[in-house]
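Dear colleague,

I am passing on the structure we spoke of, and below it you will find my notes on what turned up when I went through it. Please read them with the structure open beside you.

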Amino acid sequence: QVQLVESGGGLVQPGGSLRLSCVASGSILSIYTMGWYRQPPGKQRELVAAITRGSANYADSVKGRFTISRDNGMKTVYLQMNALNPGDTAVYYCNADLLTIRGSRLDSWGQGTQVTVSS
């Protein structure tokens, strides 16, 4: 069994910062890609940022403001969000493309954490 647990969401004023964390646990042999997605109210889920062991990519809307990083040893991915604006309000989900100890390839999701940007 694999579990992803996010933390760090909350309410922040425009221009502020938040740091999201996601820890993966369970029967994990290896993690290929970890990423963050978000789902704004009334809209579809979209990719925010993803990171492999060698590179990261970002949605155009967050480039220069958000930074994704990972600690492979701790099976953790972070999302540093700066210069937040109301358009960043969404539920943020952690995602991991991983290989289990039993040899199964899984696309796993966290339960989501709410980020609200408002004055």
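The backbone nitrogen of glycine 9 sits 3.4 Å from a polar side-chain atom of threonine 113, and I begin there, with the reminder that this is a predicted model. Threonine 113 belongs to strand 11 and is buried, its relative accessible area being 12%, because a residue counts as buried when that figure is under 20%. Once its neighbours within four places in sequence are set aside, threonine 113 is in contact with Glu6 and Gly9, with Leu20, and with Ala90, Val91 and Tyr92.

As for the chain as a whole, its secondary structure consists of zero helices and 11 strands, so that the pattern read along the sequence is β-β-β-β-β-β-β-β-β-β-β. The radius of gyration is 14 Å, close to the 14 Å that the globule rule gives for 119 residues, and the chain is therefore as compact as a globular protein of that length. The C-alpha trace spans about 50 × 25 × 25 Å along its principal axes. Of the 119 residues in the chain, 42% are buried, and the accessible surface comes to about 6200 Å², with 48% of it belonging to carbon and sulfur atoms. Among the contacts with a separation of 6 or more, 55% are between residues 24 or more positions apart.

Which residues have the most contacts inside the largest nonpolar core? They are Trp36, Val48, Phe66, Val77, Leu79, Met81 and Tyr92, in a core of 28 residues. At least two residues of this core are supplied by each of strand 3 (18-26), strand 4 (28-39), strand 5 (46-51), strand 7 (66-71), strand 8 (76-81), strand 9 (90-100) and strand 11 (113-117), and the largest share, five residues, comes from strand 9. In soluble globular proteins, nonpolar side chains tend to be buried together. Leucine 79 offers a view from within this core: not counting residues up to four places away in sequence, leucine 79 touches Leu18, Arg19, Leu20, Trp36, Val48, Ala49, Phe66, Thr67, Ile68 and Tyr92.

Cysteine 22, which lies in strand 3, is buried at 0% relative accessibility. Its C-alpha atom and that of glutamate 6 are separated by 4.2 Å, although the two residues are 16 apart along the chain. With residues up to four places away in sequence left out, cysteine 22 touches Leu4, Val5 and Glu6, then Trp36, then Lys75, Thr76 and Val77, and also Cys94.

Lysine 75, one of those contacts of cysteine 22, deserves a look at its backbone, since its phi is near 50 degrees, a positive value in a residue other than glycine. Lysine 75 is found in the loop between strand 7 and strand 8 and is partly exposed at 28% relative accessibility. Alanine 83 likewise has a positive phi of about 50 degrees without being a glycine; this residue lies in the loop between strand 8 and strand 9 and, at 40% relative accessibility, counts as partly exposed.

How many aromatic pairs are there? The count comes to one, formed by tyrosine 37 and tryptophan 109 in an edge-to-face arrangement, with 4.9 Å centre to centre and 65 degrees between the planes. Because tyrosine 37 lies in strand 4 and tryptophan 109 in strand 10 (residues 105-109), the pair ties together parts that are 72 residues apart in sequence. Both partners are partly exposed, tyrosine 37 with a relative accessible area of 24% and tryptophan 109 with 34%.

Last, a note on asparagine 57, which lies in strand 6 (residues 56-58) and is partly exposed at 39% relative accessibility. Leaving aside its neighbours within four places in sequence, asparagine 57 is in contact with Leu47, Val48, Ala49 and Ala50. From asparagine 57 to tryptophan 36 the C-alpha distance is 11 Å, over 21 residues of sequence.

With best regards

How values were computed:
Residues are numbered from 1 along each chain as its sequence is written. This is a predicted model: local features need pLDDT of at least 70, side-chain atom pairs count only at pLDDT 80 or more; totals for chains, interfaces and linings use all residues. Side-chain values use heavy atoms; hydrogens and water are left out. A nonpolar core is a set of buried Ala, Val, Leu, Ile, Met, Phe, Trp, Tyr and Cys residues joined through side-chain atoms within 4.5 Å. Buried means under 20% relative accessible area, exposed over 50%, partly exposed in between (1.4 Å probe, protein chains only). Helices (H or I, at least four residues) and strands (E, at least two) are DSSP runs, numbered from the N terminus. Contact means heavy atoms within 4.5 Å. A polar contact is a pair of N or O atoms within 3.5 Å; within protein, one must be able to donate a hydrogen and the other to accept it, and residues adjacent in sequence count only if both atoms are side-chain atoms. The radius of gyration is taken over C-alpha atoms; the globule rule is 2.2 Å times the number of residues to the power 0.38. Accessible areas come from the Shrake-Rupley method with a 1.4 Å probe; for residues, only the protein chains shown count as cover. Rings of Phe, Tyr and Trp (its six-membered ring) pair if their centres lie within 6.5 Å; planes under 30 degrees apart count as stacked, over 60 as edge-to-face and the rest as tilted.
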